[in-house]
Amino acid sequence: APQRPESMAADRGAGEAQVAAAALRWIDDGASLFLSNGSIAHRLLPQLVLRQGLSLTLHDLGMVATARQFLQSEIHVTGGLQGNDEPGLLGPAAELGVLSHPLDLCVLAIAGIDGRGRVLARHAGAARLYSAAVRHADKTIALAYRPALSATEGHPICTLGELHGLAVNHDLEPAVFDLLAEHDLRVERKADGLIEFVRA
């Protein structure tokens, strides 16, 4: 029988929370993080209670509210323009906010990967902001649940070669493994419906 929409949503929620949990391996106590918006990144916030002394930089005001609810962390908000057509604060002021202090880790919830091995955001303004965060951070990891692959829609953030890690749910086509291997990302572990790649 086809799944009911609410059970599909519950499956997706559980899957996204699992992908989000994979990010914790990359996050040390005392780390300075930039988090993109997107539901996977949002689901990571409550899980960050497991880490002490974090400094978070956020550009999505909805996520700021969630972070405040769960975390004692230092929270930086980028500033910038809240547009009508994209979630989150954007533009030059947001980019300056990202660059205003050092970042150990940039955590990106991504929409897809294109055939040229570029990591995609759903929105153009966010892609520009995330590109700045990737360049500024020491390391970048991407999180994806059922990403659009060899996608033609979406806006490039960076290449797979700029990622240090990628966590994605299991349904990957062989061509994607090839693309990841070309960019020196190898399978580190497979468990619980997740595949985690790290830079070789």
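H183 sits in the loop between helix 6 and strand 13, and in this predicted model its relative accessibility is 18%. The cut-off for calling a residue buried is under 20%, so H183 counts as buried. Who keeps H183 company? Setting aside its neighbours within four places in sequence, H183 is in contact with R116, G117, L160, G161 and R199. Right beside H183 in the chain, and just after helix 6, D184 takes a positive phi of about 65°.

Now step back into helix 6 itself, which spans residues 174-182. Its buried residues are V176, L179 and L180. They cover an arc of only 95° around the axis, which puts them on the same side of helix 6. The general background here is simple: an α-helix has 3.6 residues a turn, so residues three or four places apart point the same way. Turn helix 6 around and you meet P174, A175 and E182, the exposed residues on the face away from its buried side. And what covers the buried residues? The cover over helix 6 includes strand 7 (112-113), strand 10 (148-149), strand 12, strand 13 (185-191) and strand 14.

Helix 3 (residues 61-70) can be read in a similar way. Here the buried residues are M63, V64, T66 and A67. Their arc is only 165° around the axis, which puts them on the same side of helix 3. Among the elements covering them are strand 1 (32-35), helix 2 (39-47), strand 2 (55-58) and strand 3 (74-77).

Helix 2 turns up again at the largest pocket, where helix 1 (5-22), helix 2 and helix 5 (124-136) each supply at least two residues of the lining. The space in this pocket comes to about 300 Å³. Its lining has 18 residues, and G38, A109, I110, A111 and R122 are the ones that lie nearest the centre. Sorted by class, the lining of the pocket splits into 10 nonpolar, 4 polar and 4 charged residues.

What about enclosed space? Searching the whole structure for cavities of 30 Å³ or more turns up 1, and the largest cavity holds about 60 Å³ of space. It is lined by 13 residues, with A22, W26, L166, A167 and E196 the closest to its centre. Strand 12 (165-169) and strand 14 (194-199), which are part of the cover over helix 6, come back here: along with strand 9 (137-144), each supplies at least two residues of the cavity lining. The class count for that lining is 10 nonpolar, 1 polar and 2 charged residues.

That leaves the cysteines. How many disulfides does the structure hold? The count is 0. C106 is in no disulfide, and the nearest cysteine sulfur, that of C158, is 7.7 Å away. Seen from the other end, C158 is in no disulfide either, with the sulfur of C106 as its nearest cysteine sulfur. A pair has to have its sulfur atoms within 2.5 Å to count, so a separation of 7.7 Å rules this one out. Are these two cysteines buried or exposed? C106 has 0% relative accessibility and so counts as buried. C158, at 6% relative accessibility, counts as buried too.

Key:
Residues are numbered from 1 along each chain as its sequence is written. This is a predicted model: local features need pLDDT of at least 70, side-chain atom pairs count only at pLDDT 80 or more; totals for chains, interfaces and linings use all residues. Side-chain values use heavy atoms; hydrogens and water are left out. On a 1 Å grid over the protein atoms alone, a cavity is a set of points where a 1.4 Å probe fits but cannot get out, and a pocket is an open set with protein on both sides within 12 Å along at least five of seven lines; lining residues have an atom within 4 Å of a point. Grid points are joined across faces, edges and corners, and a volume is the space filled by probe spheres set on the points. Helices (H or I, at least four residues) and strands (E, at least two) are DSSP runs, numbered from the N terminus. Ala, Val, Leu, Ile, Met, Phe, Trp, Tyr, Cys and Pro count as nonpolar, Asp, Glu, Lys and Arg as charged, and the others, Gly among them, as polar. Buried means under 20% relative accessible area, exposed over 50%, partly exposed in between (1.4 Å probe, protein chains only). The arc is that of the directions from the helix axis to the C-beta atoms. Contact means heavy atoms within 4.5 Å.
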